[in-house]
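Open the model in your viewer and keep the sequence panel beside it. The stops below say what to select and what to look for there.

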Amino acid sequence: VQLQAFGGGLVQPGGSLRLSCAASGRIFSINDMGWSRQAPGKQRDLVATITSGGSTNYADSVKGRFTISRDNAKNTVYLQMNSLKPEDTAVYYCNAQVVTTTLAYRDYWGQGTLVTVSS
């Protein structure tokens, strides 16, 4: 199973970006999916999660600005980021709680995509 994240880049404060993360491989089903981020010199923090049924949870720092969604048919999770601030600059990582075709359960992580918010 692999997770591939896309969509990072350089954006000005107040701008928007949309991240995508597609899971592929021997997937039977996916439970929760989510996004975390790690700023330079800091620990990795949870940004948002979404259940298979669509229930969402957000870090206080992104509530009202970020929206997490998923397409279960495509095994893909998205993060729409609006009103971006310089403090949102970080490497963003996606994760997925996967049940494989051999019915093994494991949390998989993507490789990370850099988001830089700067003028």
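**Stop 1: proline 13**

Select proline 13, in the loop that joins strand S2 (9-11) to strand S3 (17-24). Strands here are DSSP runs of E with at least two residues, and helices are runs of H or I with at least four; both are numbered from the N terminus. This is a predicted model, in which local features need pLDDT of at least 70 and side-chain atom pairs count only at pLDDT 80 or more, while totals for chains, interfaces and linings use all residues. Residues are numbered from 1 along each chain as its sequence is written, and side-chain values use heavy atoms, with hydrogens and water left out.

Is proline 13 buried or exposed, or in between? Its relative accessibility is 41%, so proline 13 counts as partly exposed. Buried means under 20% relative accessible area, exposed means over 50%, and partly exposed lies in between (1.4 Å probe, protein chains only).

Now show the contacts of proline 13, meaning heavy atoms within 4.5 Å. Setting aside residues up to four places away in sequence, proline 13 touches Leu84, Pro86, Val117, Ser118 and Ser119. Then draw a distance from proline 13 to tryptophan 109. Their C-alpha atoms are 28 Å apart, with these positions 96 residues apart along the chain.

**Zoom out: the whole chain**

Colour by secondary structure. The protein has zero helices and 11 strands. Its radius of gyration is 14 Å, close to the 14 Å from the globule rule for 119 residues, so the protein is as compact as a globular protein of that length. That radius is taken over C-alpha atoms, and the rule is 2.2 Å times the number of residues to the power 0.38. Along the principal axes, the C-alpha trace spans about 50 × 25 × 20 Å.

Colour by burial next. Of the 119 residues, 41% are buried. Among contacts with a separation of 6 or more, 55% join residues 24 or more positions apart.

**Stop 2: two loop residues with positive phi**

Most residues other than glycine have a negative phi. Two to inspect are asparagine 75 and serine 83.

- Asparagine 75 sits in the loop between strand S7 (66-71) and strand S8 (76-81). Its phi is positive, about 50°, although it is not a glycine. At 23% relative accessibility, asparagine 75 is partly exposed.
- Serine 83 is in the loop between S8 and strand S9 (90-100). Its phi is also a positive value, near 50°. Serine 83 is partly exposed, at 42% relative accessible area.

**Stop 3: strand S9**

Select tyrosine 92, in strand S9. At 0% relative accessibility, tyrosine 92 is buried. Which backbone atom does its side chain reach? The side chain of tyrosine 92 comes to 2.6 Å from the backbone oxygen of aspartate 88. Beyond its neighbours within four places in sequence, tyrosine 92 contacts residues including Leu19, Trp35, Val47, Phe66, Leu79, Met81 and Val115. Add glutamine 111: the C-alpha atoms of tyrosine 92 and glutamine 111 are 8.8 Å apart, at a sequence distance of 19 residues.

Move along S9 to asparagine 95. Asparagine 95 is buried at 9% relative accessibility. Its side chain makes a polar contact with the side chain of aspartate 107, at 3.0 Å. A polar contact is a pair of N or O atoms within 3.5 Å; within protein, one must be able to donate a hydrogen and the other to accept it, and residues adjacent in sequence count only if both atoms are side-chain atoms. The contacts of asparagine 95 further off in sequence include Leu3, Asp32, Met33, Gly34 and Trp35.

**Stop 4: tyrosine 108 and threonine 113**

Tyrosine 108 lies in strand S10 (residues 105-109). At 13% relative accessibility, tyrosine 108 is buried. Which distant part of the sequence comes up beside it? The C-alpha atoms of tyrosine 108 and leucine 3 are 7.1 Å apart, though 105 residues separate them along the chain. Tyrosine 108 also touches Val1, Cys94 and Asn95, among others.

Finish on threonine 113, in strand S11 (residues 113-117). Threonine 113 is buried, at 10% relative accessibility. A polar atom of its side chain lies 3.1 Å from the backbone nitrogen of glycine 8. Among the residues threonine 113 touches are Ala5, Phe6, Gly7 and Gly8, together with Tyr92.
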